[in-house]
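Got your viewer open? Load the model, switch to cartoon, and keep the selection box handy.

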Amino acid sequence: MKVILPGIMGRMGKVLCEAVSQHEALSLAGGTVRPGSTFAGQDAGALVLGRACDAPIVEQLDQIESADCGLIDFTTLELLPQNLAWCVEHRVPMVIGTTGLDDALKAQILDASAQIPIVFAPNMSVGVNVMQRLIRLAAELVGEHSDIEVIEAHHRYKKDAPSGTAVRLGEVLADAMGWQLDDVAVYGREGITGERPHKQIGFETIRAGDVFGDHTVLFAAEGERIEITHKASSRMTFAKGAARAMAWLADKPAGLYSMDDVLGL
């Protein structure tokens, strides 16, 4: 399958370009940049991979041949809706790793999945998705006797907080405990907060430096605590997960899939 990468010359776009080129079942079709970019009209392979691969950098998705292609979107909340609409129009499978989505945009993705296959996950890392299984097990075994906190750290440029991954971890925890996350989530604390109730999931957010992404779920009981942590040391972990999802999606019917589906979890 050939892969289209919107925002191909961005930080994540370049890493996705490398991950796609390394996957045996994928090849690069091309990518887009902002109108007026000096990169437009050049070959993505020559710029990013150091070798020409007939993958044009263009300003509009319509300038790329869409046949037998899929699209990986790690762009922005502003660009995602138009990329989604283009994929539906051209029947192009889609992997979405963009975060910070509101309910309306999630509903658009769900509607689109009735027409095209979509993998949508707040974190494409294989390790983070394994972590979700571990925290569910821990919540089922010790959650009733523990205070539960989610701590996450990302680089200074990240625009949404808490991270989509942290929210997803909270959803997994709440589901395992039989709670509704909206009823029990606390996003930061300040002032005289009073004694912590048991039925609560706290979220702490750190934005600093060049941290790629750290997530910890803490189960604190009387006399002991369990910490389950995932730390990403490179954007490549997310890019490789997205490439794996794209290859898996190649022969799937229309529908909304998760990384659990991709990994067989």
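Here is a short walk through a predicted model, stop by stop.

**Stop 1: the sheet**

Start by colouring the strands. Seven of them form an open sheet, and reading across it you get β3-β2-β1-β4-β5-β6-β12. The pairing is parallel. At the edges sit β3 and β12 (255–257), each of which pairs on one side only.

**Stop 2: β1 and its partners**

Now select 2–6, which is β1. Four of its five residues are buried, so β1 is largely enclosed by the rest of the structure. Show β2 (residues 27–32) as well: the two strands pair in the parallel sense over five bridges. For a closer look at the register, pick K2, whose bridge partner in β2 is S27, then move to I4, which has G30 as its bridge partner in that strand.

Keep I4 selected and bring up β4 (69–73). In β4, the bridge partner of I4 is L71. β1 and β4 are also parallel, with three bridges between them.

Next, add helix α1 (residues 11–22) to the view. Together, β1, α1 and β2 make a β-α-β unit, and its hand is right-handed.

**Stop 3: helix α3**

Select residues 80–90 for helix α3 and show the side chains. Which residues of this helix are buried? They are L80, N83, L84, W86, C87 and V88. To see what they pack against, turn on β1, β4, β5 (94–96), α4 and β6 (117–120).

Then step along the chain to R91, which follows α3. R91 belongs to the loop between α3 and β5. Check its backbone: phi is near 55°, a positive value in a residue other than glycine.

**Stop 4: D54, another positive phi**

Jump to D54, in the loop between α2 (44–49) and β3 (57–58). Here too phi is positive in a non-glycine residue, with a value near 55°. Is D54 buried or exposed? Its relative accessibility is 68%, and the cut-off for exposed is over 50%, so D54 counts as exposed.

**Stop 5: a cis peptide bond**

Select A161 and P162 and display the backbone atoms. The peptide bond joining A161 and P162 is cis, with omega at about -10°. P162 is found in the loop between β7 (147–154) and α6.

**Stop 6: the second largest pocket**

For the last stop, select K106, G164, V167, R168 and E171, then centre the view on them. Of the residues that line the second largest pocket, these lie nearest its centre. The full lining has 28 residues, and the space in the pocket is about 700 Å³.

Which helices supply at least two residues each of this lining? Colour α4 (103–112), α5 (126–142), α6 (164–177), α7 (181–184) and α9 (259–263) to see them. The largest share comes from α6, with five residues. Now recolour the lining by class: nine residues are nonpolar, 10 are polar and nine are charged.

Before you close the session, put α4 and α3 on screen together. α4 supplies at least two residues of the pocket lining, and the buried residues of α3 pack against α4. That view links the last stop with the third.

Terms used
Residues numbered from 1 in each chain as written. Predicted model: local features only at pLDDT ≥ 70, side-chain atom pairs only at ≥ 80, totals over all residues. Heavy atoms only, no water. 1 Å grid on protein atoms, 1.4 Å probe; cavity = no way out; pocket = protein on both sides within 12 Å on 5 of 7 lines; lining within 4 Å. Points joined across faces, edges and corners; volume = space filled by probe spheres on them. Nonpolar A, V, L, I, M, F, W, Y, C, P; charged D, E, K, R; others polar. Buried < 20%, exposed > 50% of the residue type's maximum accessible area, 1.4 Å probe, protein only. Contact = heavy atoms within 4.5 Å. Pairing = 2+ DSSP bridges. Right-handed = clockwise from strand over helix to strand, strands pointing away.
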